[in-house]
Each structure stands twice: as C-alpha cells, then as structure tokens.
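Please open the model in a viewer and keep the sequence panel at hand. The tour below proceeds by selection, one stop at a time.

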Amino acid sequence: MRRYGKNPDEDDVRVRPNRKGNRPRTNIRPKHEDAREGLVLTVDRGRLTCLIDDRKVTAMKARELGRKSAVVGDRVAVVGDLSGAKDTLARIVRVEPRSSTLRRTADDDDPFERVVVANADQLAIVTALADPEPRPRLIDRCLVAAYDAGLDPLLVLTKSDLAAPDALLESYGALGVPYVVTNREELSDGHAAERVREQLTGRMTAFVGHSGVGKTTLVNALVPERRRATGHVNAVTGRGRHTTTSALALPLPGDTGWVIDTPGVRSFGLAHVDPSRVIHAFPDLASGTAECPRACSHDEPDCALDAWVAGGHAEPARLYSLRRLLSTRERREGD
C-alpha cells in the first residue's frame, strides 16, 4: 500500500470519482437576481410564450423548478435570451406567488387537479340560450369553482335571438351575479362586445363555457386583431366542436384589461372544492353558520341556517341557491 508523505504533490493525491458522473447535489438554488418578470400568455407542448415588456418570448421551464408548472396567467421570472427573436429559447426559473388559482377535475371522483388559469380575478361563464341548450348544472359548477377560487363570476348569455333569457336569469337572480345578454347581430355590429367590455375593464377575466356556445366568437369580437378559429354545433348531437385547444391570454384594446380564452369544457369536476369555503361567497348567510353543528353540510335537519332565514336575516331564495350549489357535486351536469 502506498503511503503519502507530509507534503504530497497534487499528482500523488487520489480523488475518488463521482460514479454518476454529475455534480454533487445541493439544496442551494441560484437566486437569479437578474431575472426579468414575464406574464405567461399560452402553453404549448412544454413551450411557454411569455410577455416581457412589449416582447413575446418563448421559454421552457428550468429543471430546478422540479414538478412545479406554470400556467396561463402566471407571473414568472425569466432568464436567458429575452430578445424574442426566432429560434431563441429562454428559461423560466421561478413562478411568483399566485393571487388566485382556478382549478377543476375531470370528474368528482378524480383526485388530480388541473389548474385552468392563474391570477384571474373574474370568471366569465359563457352560456348559449339555444343551439346548444343551456346546461344549468354546468353553470352551477362553474359558480362553485369561482367562489372557491375567490373570483367574481359574470354570466354571459349568447344567442338571445334564438331564445329568451328570462327563465335562466330568474333562476340565478338570488345570487346577484352580474350578467350580459348578447345576440349574433350585436356581435356583428360591435354593440355586444362593447357591453361585455364594460364588465372587463381593469380586470383579468377567464372565459369558460361548453363547446359551441360562442365563447371564442365573443373573444374575437373583444380583441379583433387576434382572431381565433371558431366551429359549429353538431346538428345531431347538439354539441360543439373543440376549436380552442389551449388557453390564451389576450390584452384588451388600449391595455384596459385581459381576457383568457380557454378550451370548451364538457364537464367541470369539483373534487378539489371544500364545501365549507363556498359559504364565504354568501356573506348574508355566513354569519348564521355560527350555531351549525360541527362539519355541517348546510343541508341537513340541524343546520342553523334554517332558523337564521326564518328570523329574517336573509332571503329564503339565497339559502335555496346556496344549497343548490353545494349539491352540485352529487349531480351530473346534464341532470
């Protein structure tokens, strides 16, 4: 065995090689203090388009983020080539804390949450009054998701030239949700877009709805310089085609706000929603839950809300609306 003296040369020192051939693992992560903030506009097969100042930059997620992903609406820190030139690729090294997260699951038994958009403050639920027929249960589910995420809901009813909106609006009157009613002629001449735009000013609004309800047509009217493909409703099935395949954030003219067009949904699972959070969207009822039994579902014989409403503290229609929304997890959207 070779022995080393008191002053061995560097050539005499044996260094055990790293068997894996990579750098030692460390918990220290670079701070990237020179990173620029960007807004994620769209995500397509691992490539994210980010708006940095007035440039669109294509980026990919850095390995150091691990399994954490970025979605449309996220504020992210970006390093690398930020010129936005063709064939350049930057890196997203950090996802900033979100102010809101709109989620859904494939169905009510699916434990896997899908983040629809981040940092929106309003959810526009687009529903056709006919062709295809409105689906109130899907509207209810979208409302629950909005309340759970802390988003203000907005009902946008399209195709009023084919059916009257009165019955549908009456069923949601007790919720006090703002609404806009449009028809095809008004979309063509710009009047409908102007009324909707008034509700979007200064906000980031995510548009959701069943396929074929005219959601993308409305977005095209709001942002005419960025027209997206639109489809039609199948005359046999009554369902629309998925023409929008990925979410896209678009600025309103004059930088007055943002709209996020999302793919059409056939279902809106609520497996991720804690029913106890939905009550917070009903401040006139929330105070009445103080005497409720522990883990009260607010739809059982001992619920204190019945006495609260009977005492004149809230309207019966409000309690009915709350219980209808809370029961959506037990019902299919088409019921």
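## Overview of the chain

The chain contains nine helices and 13 strands; helices (H or I, at least four residues) and strands (E, at least two) are DSSP runs, numbered from the N terminus. This is a predicted model, in which local features need pLDDT of at least 70 and side-chain atom pairs count only at pLDDT 80 or more, while totals for chains, interfaces and linings use all residues. Residues are numbered from 1 along each chain as its sequence is written, and side-chain values use heavy atoms, with hydrogens and water left out.

Display the whole chain. Of its 335 residues, 44% count as buried (buried means under 20% relative accessible area, exposed over 50%, partly exposed in between; 1.4 Å probe, protein chains only). The exposed area of the chain is about 19000 Å², of which carbon and sulfur atoms supply 47%; accessible areas come from the Shrake-Rupley method with a 1.4 Å probe, and for residues only the protein chains shown count as cover. Among contacts (heavy atoms within 4.5 Å) with a separation of 6 or more, 64% are between residues 24 or more positions apart.

## The parallel strands

Select strand S8 (residues 122–128) and strand S9, which run parallel and are joined by seven bridges; two strands pair if DSSP finds at least two bridges between them. Alanine 128 stands opposite threonine 158 in S9. From S8 the chain passes through H1 to S9 in a right-handed β-α-β crossover, that is, with the strands pointing away from the viewer, the path from the first strand over the helix to the second runs clockwise.

Strand S9 (residues 152–158) has six of its seven residues buried. Add strand S10 (residues 179–181), which pairs with S9 in the parallel sense over three bridges. Here leucine 157 stands opposite valine 181. The route from S9 to S10 goes through helix H2 (residues 166–171), and this β-α-β crossover is also right-handed.

## The nonpolar cores

Next, show the side chains of Leu123, Leu143 and Leu322, the residues with the most contacts inside the largest nonpolar core, which has 53 residues. Such a core is a set of buried Ala, Val, Leu, Ile, Met, Phe, Trp, Tyr and Cys residues joined through side-chain atoms within 4.5 Å. Helix H1 (residues 136–149) gives the most to this core, with nine residues. A second, separate core of 21 residues includes Leu154, Ala193, Val213 and Leu248.

Centre on leucine 123. Beyond its neighbours within four places in sequence, its contacts include Leu102, Cys142, Ala146, Leu151, Ala206 and Val208.

## Salt bridges

The final stop concerns the 19 salt bridges, each a side-chain nitrogen of Lys or Arg within 4 Å of a carboxyl oxygen of Asp or Glu.

Select aspartate 121 and arginine 203, whose side chains meet in a salt bridge (3.6 Å, N to O). Aspartate 121 lies in the loop between strand S7 (114–118) and S8, and arginine 203 in the loop between helix H4 (191–200) and strand S11 (204–209), so the pair ties together parts that are 82 residues apart in sequence. Aspartate 121 is partly exposed at 29% relative accessible area, and arginine 203 is partly exposed at 23%.

Where do aspartate 140 and arginine 137 lie? They are three residues apart in helix H1, separated by about one helical turn. Their side chains form a salt bridge (2.7 Å, N to O), and both residues are buried. Finally, select Arg36, Asp53 and Arg55, which salt bridges with shared partners join into one network.
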